[in-house]
Amino acid sequence: MAIRSGGQPLRLGAWRRHDRELRRLFSGDAAAEEPAYVWLFRYLLTGFLEWRSSDGSRAAYPGLPSNHGRDIDDIEGFSRFAPLIGSWLAAGRPESVETLDGQRVELPTLLLQGFLSGTDPAAPGYWGLPTRTDQRICEAADIALALWLSRGSVWPRLSEVQRDMIANWLRALAALEVYDNNWHLFPVTILLVLRHFHAEDLPSGGRDHYARLRRFHLGAGWYADGKRQKVDYYNAWGFHYGLFWVRELAPVLDPEFLDKGLRQFAKCYAGLISPAGLPMIGRSIPYRLAIPAPLIAAQRRHPETISPGLARRAMAAVWGRLVPRGAIRAGIVTQGYEGSEPGLLDPYSGPASPLWSLRSLILALYEPSGAAFWTAPLQPLPIEEADYDLDIPSIAWRVEGRRSSGDIVIRRQGELQAGSFEPIGWRERWLDLVGRPKPRRGNYKVRYLRAEYSSARPFWRDQR
């Protein structure tokens with residue numbers, strides 16, 4: 001059962017003032033500088049605390065609900081924010097942070113309270129133990145990652161009983177069946193974290209999950225997301241983000257394959273990013289701010305392929321394009337592309353689901369202050385240097401970039417089907433808000449089977 005926050009929300013005027021500063025910071029050159037992202041952390045922390053439950057195990061962000069139910073939506077409010085706190089701590093940044101409303105916060109305490117309340121069967125905020133495929137498996141991977149990232153400041157504060165309690169909950173989630181797609185990464189992540197804390201061998205189930213994930217590889221670092229051969233930006237925020245942490249957790253696990261894949265992927269993937277917009281394809285578009293994540297990962301591991309200055313330029317281009325247009329508002333990552341656009345919201349996405357957008361910020365703040373990522377001179381994106389036509393045979397894509405306009409077009413080959421995007425109407429949105437949601441339109445053909453996807457003409461605005 002969700003435990004709602006007992007705190008008072010910030011006055012609307014305060015958020016308007018914070019949002020003006022947010023737009024200012026991300027509308028110019030400051031969007032490429034570390035202080036803007038440090039301020040952004042404090043801004044997002046302020047929002048998290050406004051919606052956080054009294055026991056710390058959830059955050060009840062406002063927005064349209066998912067098909068998982070409100071309690072799972074609220075668990076996501078904690079689980080998807082926790083790794084951001086973890087990366088901040090892992091980089092050696094201050095444990096005590098002041099929010100934008102002047103509240104002094106001890107970050108390890110925030111995580112500690114959430115971990116303990118969520119995994120204690122006797123606590124009102126207990127996250128529970130599902131008996132089948134369940135969204136909590138996905139969230140458990142983020143919770144495990146946050147635990148590992150904060151290990152220097154949180155783990156020593158736990159008693160042996162508390163450590164076992166957290167580990168037992170994670171171990172039970174890792175043993176459940178998962179969807180046959182990127183979800184195989186979740187038990188792998190959980191089990192590798194448990195191996196770190198408990199010196200356990202990676203169980204055969206973990207090796208099986210990793211082997212299945214590897215079979216989704218299509219070539220040149222690109223993955224099909226499950227049997228339906230979906231290829232979209234999950235390669236960025238799902239596969240390569242998750243595999244980066246696998247490499248951090250287990251440096252000897254398949255390093256040649258993972259390193260080669262990241263290098264090959266990042267080299268061509270940079271051609272999909274423009275400060276004029278992004279050629280979005282597929283689902284989970286509210287996760288769009290995470291698009292630079294694999295380039296930030298690549299600059300850390302392979303700076304000879306992706307320079308720190310290029311990765312930071314990519315992040316500034318994405319965040320500088322989307323944030324001033326409403327991708328973040330009133331402390332919340334919105335449920336759309338530029339703002340809140342319900343027609344782009346998948347059935348499984350709730351109010352806190354777009355916090356996966358923070359995956360690029362998580363990797364950026366994992367870089368300590370003074371690291372090359374923050375200090376190296378910026379390098380131009382491919383679209384800022386010249387026109388290009390890039391073939392990606394492994395996924396049958398041809399990517400065209402035009403320097404003069406900044407437009408990027410993905411041209412697809414194979415089985416194509418025309419179709420028009422069907423948005424969610426006002427009546428359906430109202431039914432969502434009053435707790436009587438109707439199934440959301442999948443728009444599968446439009447999301448995946450069009451001949452081209454353009455940054456200048458997004459498929460949800462195409463009036464053909």
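This passage describes a four-strand sheet, a set of aromatic contacts, two unusual backbone angles and one helix in a predicted model.

The model is predicted, so local features are taken at pLDDT of at least 70 and side-chain atom pairs at pLDDT 80 or more, while totals for chains, interfaces and linings use all residues. Residues are numbered from 1 along each chain as its sequence is written, and side-chain values use heavy atoms, with hydrogens and water left out.

We may begin with the sheet. Helices and strands are DSSP runs numbered from the N terminus (helices are H or I with at least four residues, strands are E with at least two), and two strands pair if DSSP finds at least two bridges between them. Strands of a sheet pair through backbone hydrogen bonds, either parallel or antiparallel. Here, 4 strands in the order 7-8-9-10 make up an open sheet with antiparallel pairing. Strand 7 (388–392) and strand 10 (452–454) are the edges; each has a single partner strand, so one side of each has no neighbour in the sheet. From one strand to the next, the twist averages 15 degrees, with axes being lines fitted to C-alpha atoms (for helices over the stretch in contact) and angles running from 0 to 180 degrees between N-to-C directions.

Going across the sheet, strand 7 is joined to strand 8 by 5 bridges in an antiparallel arrangement, and Asp391 stands opposite Arg398 in strand 8. The hairpin of these two strands has 4 residues between the strands, and Ala396 there takes a positive phi near 60 degrees. Strand 8 (residues 397–402) then pairs with strand 9 over 6 bridges, again antiparallel. Bridge partners in this pairing include Val399 with Ile410 and Arg402 with Asp407. The hairpin of strand 8 and strand 9 also has 4 residues between the strands, and in this hairpin Gly406 has a positive phi near 80 degrees. Finally, 3 bridges connect strand 9 (residues 407–412) to strand 10, and these strands run antiparallel. Across this pairing, Arg411 is opposite Glu452 and Val409 is opposite Ser454. Strand 9 is mostly covered, with 5 of its 6 residues buried, where buried means under 20% relative accessible area, exposed means over 50% and partly exposed lies in between (1.4 Å probe, protein chains only).

Aromatic contacts come next. A pair of aromatic rings is described by the distance of the centres and the angle of the planes. Rings of Phe, Tyr and Trp (its six-membered ring) pair if their centres lie within 6.5 Å, and planes under 30 degrees apart count as stacked, over 60 as edge-to-face and the rest as tilted. The structure holds 36 such pairs. In one of them, Phe41 and Trp88 have ring centres 4.0 Å apart and planes at 10 degrees, so the pair is stacked. This pair links distant parts of the chain, as Phe41 belongs to helix 2 (residues 34–51) and Trp88 to helix 4 (residues 82–90), 47 residues apart. Phe41 and Trp88 are both buried. Phe265 and Tyr269 give another stacked pair, with centres 4.8 Å apart and planes at 25 degrees. Phe265 and Tyr269 are 4 residues apart in helix 11 (residues 255–269), so about one helical turn separates them, and both are buried. Ring pairs also join Tyr179, Trp183, Phe186, Tyr233, Tyr234, Trp237, Tyr287 and Trp356 into a cluster.

Charges over rings were examined as well, a charge being counted if NZ of Lys or CZ of Arg is within 6 Å of the ring centre and within 35 degrees of the ring normal. Tyr234, a member of the cluster, has Arg283 over its face at 4.0 Å from the ring centre. Arg151 lies over the face of Trp148, at 4.0 Å from the ring centre.

Turning to backbone angles, most residues other than glycine have a negative phi. Ala220 nevertheless has a positive phi of about 55 degrees; Ala220 is in the loop between strand 3 (217–219) and strand 4 (222–223) and is partly exposed, with a relative accessible area of 30%. Ala330 likewise has a positive phi of about 55 degrees. Ala330 is placed in the loop between strand 5 (328–329) and strand 6 (332–333), and its relative accessibility of 25% makes it partly exposed.

Helix 10 (residues 234–249) closes the account: 16 of its 16 residues are buried.
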